[in-house]
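Q: Could you take a close look at one part of this protein for me? I would like a connected walk through a single charged spot on the surface and the stretch of chain around it.

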Amino acid sequence: MAFPSSLAVRELPIFPLPELVLFPRRPLPLHIFEFRYRIMMSTILESDRRFGVLMWDPVEGRPASVGCCAEVIRHERLEDDRLLILCLGQQRFRVLDYIREKPYRVGLVEWIEDGKPKQDVHPLATQVKDLLEDVVRLSSKLSDQEIELPEDIPDLPLEFSYWIASNLYDAAQEQQSLLEMQDTGARLEREAEILMSTRNHLAARTVLKDTFNPEGP
C-alpha cells in the first residue's frame with residue numbers, strides 16, 4: 001500500500017517486546033500491565049489506536065530499528081486497570097529517531113514497503129508452499145499425529161511471505177531479518193532455504209524412525 005508523502009513520516013508510540021517480531025496482517029494478543037504502557041494504551045485508544053512494535057534485542061540491549069505498526073482492534077479493561085488487547089499488524093516502519101523516552105518511547109518513523117518485483121514471484125511462492133506441505137507431512141509422520149495446514153493461508157506472494165515468516169518457530173533473529181527485507185522474492189527465497197533445511201532434517205529423522213521402529217506386518 002502506498003502512502004501520501006504527507007504521511008510518509010509520523011510520530012509513533014513504541015512498544016518493545018523481547019524476542020517477538022510482528023508482521024503485517026498478523027494478529028498479536030497482548031496483556032498490558034506495566035504502568036507506562038497502560039498510559040500509552042489509554043492514549044492511543046483515544047486517537048488512531050496505532051502503535052509500533054519493535055523486537056527488543058537482549059544481546060544488543062536495545063530495540064531493533066525496523067518494526068511493524070499494530071492497530072488495536074479489540075480491547076478489554078480489567079478492574080485493576082490492566083488491559084487485554086488484540087492487535088493486527090499493519091505497515092512496516094523504520095525508526096529515524098526517538099523524540100521522547102518517558103514515560104514511554106515515541107519514535108519518528110518512516111513507512112517502508114517491498115519494491116516492485118523484478119520478475120514473477122508466484123512460482124517461488126508455489127515452491128515455498130510445496131516445501132511447507134512436505135514439512136507438515138513429515139512432522140505428522142514423526143509425531144504420529146494428524147497435522148493440517150490452516151485454510152486461511154494467503155494466496156498473494158507478499159502476504160504469503162509474511163505468513164511464513166510469522167510462523168517460524170523460535171527464530172526471532174531470522175524473523176527480524178525477514179521483516180527488514182524489502183524484496184518479496186528475496187524473502188521467499190530465504191524462506192525456501194529454511195524450509196528445505198527443515199524438510200531434509202525431518203526426512204533424515206523419518207528414515208531413522210522407519211529403520212529402528214519398523215511397522216509390524
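A: Let's start with Asp152, which counts as exposed because its relative accessibility is 60%, and the cut-off for exposed is over 50%. Please keep in mind that this is a predicted model. Asp152 sits in the loop that links helix H2 (122-143) to helix H3 (157-166). On the surface, Asp152 has company: together with Glu146, Glu148 and Glu151 it makes up a patch of negative charge.

Now widen the view a little. UniProt, in an unreviewed entry, marks residues 128-191 as a "coiled-coil region". In the model, that span is 67% helix and 0% strand. Its end C-alpha atoms are 7 Å apart, a nice detail to check on your screen.

From here, step back to helix H2, where you will find Lys129. Lys129 counts as partly exposed because its relative accessibility is 32%, which falls between the limits of 20% for buried and 50% for exposed. If you want a long-range reference point, try Ile32: Lys129 and Ile32 are 97 residues apart along the chain, and their C-alpha atoms are separated by 35 Å.

Finally, the wider frame. The record from UniProt, again an unreviewed entry, lists residues 12-199 as "domain: Lon N-terminal". In the model, this span is 36% helix and 32% strand, with 40 Å between its end C-alpha atoms.

Terms used:
Residues are numbered from 1 along each chain as its sequence is written. This is a predicted model: local features need pLDDT of at least 70, side-chain atom pairs count only at pLDDT 80 or more; totals for chains, interfaces and linings use all residues. Side-chain values use heavy atoms; hydrogens and water are left out. UniProt positions are given in the numbering used here, feature names are shortened, and annotations may be inferred rather than shown by experiment. Helices (H or I, at least four residues) and strands (E, at least two) are DSSP runs, numbered from the N terminus. Patches are made of residues with over 30% relative accessible area and no salt bridge: like charges are joined within 9 Å, nonpolar side chains (Val, Leu, Ile, Met, Phe, Trp, Tyr) within 5 Å. Accessible areas come from the Shrake-Rupley method with a 1.4 Å probe; for residues, only the protein chains shown count as cover. A salt bridge is a side-chain nitrogen of Lys or Arg within 4 Å of a carboxyl oxygen of Asp or Glu. Lys and Arg count as positive and Asp and Glu as negative; His and the chain ends are not counted. The place of a charge is taken as NZ of Lys, CZ of Arg, CG of Asp or CD of Glu. Buried means under 20% relative accessible area, exposed over 50%, partly exposed in between (1.4 Å probe, protein chains only).
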